[in-house]
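Colleague: I would like to go through the reasoning behind the labels on this one. Show me the entry, and then I will ask.

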Amino acid sequence: MSSTVIIGTQWGDEGKGRVVDVYAANADMVVRYQGGDNAGHTVKIGDQKYALHLIPSGIVRQKPSILGNGMVINPKSLLKEIGELEATGLTVRPHIFISEDAHLIMPYHIALDGASERAMGAGKIGTTLKGIGPAYTDKVSRTYGLRMGDLRDADYFLERLQRIVDDKNAMLTKLYGMDTTFDARAICDEYMGYYAEIKDMICDTAEMVWQARKHDRAIVFEGANATMLDVDHGTYPFVTCSTPTAGGAAVGTGIGPTAIDCVIGVVKAYTSRVGEGPFPTELKNEVGDLIRELGHEYGTTTGRPRRCGWLDICVLRKAARANGLAYLAVTHLDILDEFDEVPVCVAYDVDGRRTETFPSSLRDAEKAVPIYEIMPGWKTSTNGCRSYDDLPANARHYLDRMAELTGVPICLVTVGNERTQTIVIKEPVAL
Ligand code: GDP
Ligand code: IMO
Ligand code: MG
């Protein structure tokens, strides 16, 4: 394993953080390449729970932790996260490297995220309200984006802000009818305060990643959000504004796609989603409620209850294609321990037509009725299993069928949230 991208195959919260933690053990650096503090990744070691939002999960193993150019970073959230991690006893600052090209999330981005969601009413996206969409919109606009490196020159930063803030205030008051307005000087002072604290971490991270690659170091790229939230490949418009799929790892760190050797897709053994948008296997009943309670399915970032449903192979087929998956890492197998039967969606019925691919049209995705293959449950706790052979026969059958239906082999299975509750099936090999 030299450079491996680890991504979510569903709608997020698959357990990417804890899977990254496994592979970070042998990595020389861990790199985030997109998203911002909309992500919430968890690593649990004994009684200690680490919640990561911006900082790569590799920090828990005290590895060099890079925040790549494809990210949007709120420096206030970053400093809060650094403080929280330091309070657990981890050394943090010397391990953090922030791309000078990463975009800044500004206070008006957060205000605009909320204003836009409120204005959309019932049609809202259900964003995390962290300002992610407005920050990426500004990046692509070229007119309004501000980057980490821009903080180095306070005069330039203030000059840019003065023009930007005028336009943002006009949007907030005239378009959204709000009375909130921002003051460029106050924002500049606030951000210069953050800069003083993080300036030693800001650097040319693309060169760092490239040098690591040239010296054949092991690099783990940590995807945030997930395939079905990808702005191109997800359930548009109910998506985030970045490219969580594996291709984003190249663009979001500054290396070429040939520098990626292996892609691992993290799969929750069932499906969850937070926010609005189509979710064909969602269970709006007591079974969905039971999965939510067993899996503690409440957002790491927002605390919102997650929508829950059965495993959807059509989603995984899409993830296999969009990411070029070499392996699946299956998490949360233990949450299915109690069920008599475990249905798996193998196809949809859309207007009387059977399809095995996830519809690209939102309308069709909303109409898709799952066609299930019913697998027998195993009715045995898997929490203590530490090898494939330890698993009950029906749990092995479930995993084998998942690999067969997706055409992607399984490299790892997890049976609890603790680091040790991990079953390594095979060591991923570079393609
Ligand atoms: P991420 O965003 O993909 O990193 O996932 P989150 O951390 O947001 O959500 C996954 C949640 O499930 C966290 O609370 C993890 O501690 C927990 N978790 C991860 N793997 C397992 C597992 O195999 N079994 C159980 N029961 N919980 C798990
Ligand atoms: P991790 O990395 C789950 C969802 C939001 C919303 C949509 C857009 O922890 O898996 P945004 O704030 O990004 O504009 O929201 O995307 N979303 C996530 N859902 N896990 C995440 O991250 C998510 N990041 C964004 O709920 O539906
Ligand atoms: Mg999460």
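Colleague: What makes the pair of R306 and ligand 1 a polar contact?

Modeller: A polar side-chain atom of R306 lies 3.4 Å from an oxygen atom of ligand 1. The cut-off for a pair of N or O atoms is 3.5 Å, so the pair counts. Bear in mind that this is a predicted model.

Colleague: How far from ligand 1 are the polar atoms of R18 and K16?

Modeller: For R18, a polar side-chain atom lies 3.0 Å from a nitrogen atom of the ligand. For K16, a backbone N or O atom lies 2.7 Å from an oxygen atom of ligand 1. Both pairs are within 3.5 Å, so both are polar contacts.

Colleague: How much of ligand 1 does the protein cover?

Modeller: On its own, ligand 1 has 590 Å² of accessible area, and the protein covers 92% of that. There are 19 residues around ligand 1. G15, K16, G40, T42 and T414 come nearest.

Colleague: Which residues are closest to ligand 2?

Modeller: K16, H41, T128, N225 and T240, out of 20 surrounding residues.

Colleague: What makes N38, T240 and G126 polar partners of ligand 2?

Modeller: Take the distances in turn. A side-chain N or O atom of N38 is 2.8 Å from an oxygen atom of the ligand. For T240, again through a side-chain N or O atom, the distance is 2.6 Å. G126 uses a polar backbone atom, 3.4 Å from an oxygen atom of ligand 2. Each value is within 3.5 Å, so each pair qualifies. The protein covers 98% of the 550 Å² that ligand 2 has on its own.

Colleague: How do you know which protein atoms are donors of the magnesium ion, ligand 3?

Modeller: By distance. D13 (OD) and G40 (O) lie 2.0 to 2.1 Å from the ion. The limit for this metal is 2.8 Å, so both are donors. D13 sits in the loop between β1 and α1, and G40 in the loop between β2 and β3, so the pair ties together parts that are 27 residues apart in sequence. Water is not among the atoms, so the site may look incomplete.

Colleague: Why is G40 called buried, but D13 partly exposed?

Modeller: Buried means under 20% relative accessible area. G40 has 11%, so G40 is buried. D13 has 21%, so D13 falls in the partly exposed range.

Colleague: What else does D13 take part in?

Modeller: A network of salt bridges that links D13, K268, E297 and R306.

Colleague: Why does the pair of K268 and E297 count as a salt bridge?

Modeller: Their closest N and O atoms are 2.8 Å apart. The limit is 4 Å, so the pair passes. K268 lies in strand β11 and E297 in the loop between α9 and β13, so the bridge ties together parts that are 29 residues apart in sequence. K268 and E297 are both buried.

Colleague: How many salt bridges are there, and what makes R152 and E100 one of them?

Modeller: The structure holds 23. The side chains of R152 and E100 meet at 3.0 Å, N to O, which is within 4 Å, so they form a salt bridge. R152 is in the loop between α4 and α5, and E100 in the loop between β7 and β8, so this pair ties together parts that are 52 residues apart in sequence. R152, at 44%, and E100, at 22%, are each partly exposed.

Colleague: And K379 with D340, how do you know?

Modeller: The closest N and O atoms are 2.9 Å apart, within the 4 Å limit, so the label holds. The two loops they lie in are tied together by the pair, 39 residues apart in sequence. D340 has a relative accessible area of 55%, which is over 50%, so D340 is exposed.

Colleague: Why are β9 and β20 called edge strands?

Modeller: Each pairs on one side only. They end the order β9-β7-β5-β2-β10-β1-β11-β15-β19-β20, an open sheet of 10 strands with mixed pairing.

Colleague: How do you know that β2 and β5 pair?

Modeller: Pairing takes at least two bridges, and 3 join these parallel strands, so they pair. V30 has S65 in β5 as its bridge partner.

Notes: Residues are numbered from 1 along each chain as its sequence is written. Chains are lettered from A and ligands numbered from 1 in the order in which they are written. This is a predicted model: local features need pLDDT of at least 70, side-chain atom pairs count only at pLDDT 80 or more; totals for chains, interfaces and linings use all residues. Side-chain values use heavy atoms; hydrogens and water are left out. Helices (H or I, at least four residues) and strands (E, at least two) are DSSP runs, numbered from the N terminus. Buried means under 20% relative accessible area, exposed over 50%, partly exposed in between (1.4 Å probe, protein chains only). Donors are N, O and S atoms within 2.8 Å of the metal (3.2 Å for Na, K and Ca); water is not among the atoms, so sites may look incomplete. A residue is near a molecule or strand if one of its heavy atoms lies within 4 Å of it. A polar contact is a pair of N or O atoms within 3.5 Å; within protein, one must be able to donate a hydrogen and the other to accept it, and residues adjacent in sequence count only if both atoms are side-chain atoms. Accessible areas come from the Shrake-Rupley method with a 1.4 Å probe; for residues, only the protein chains shown count as cover.
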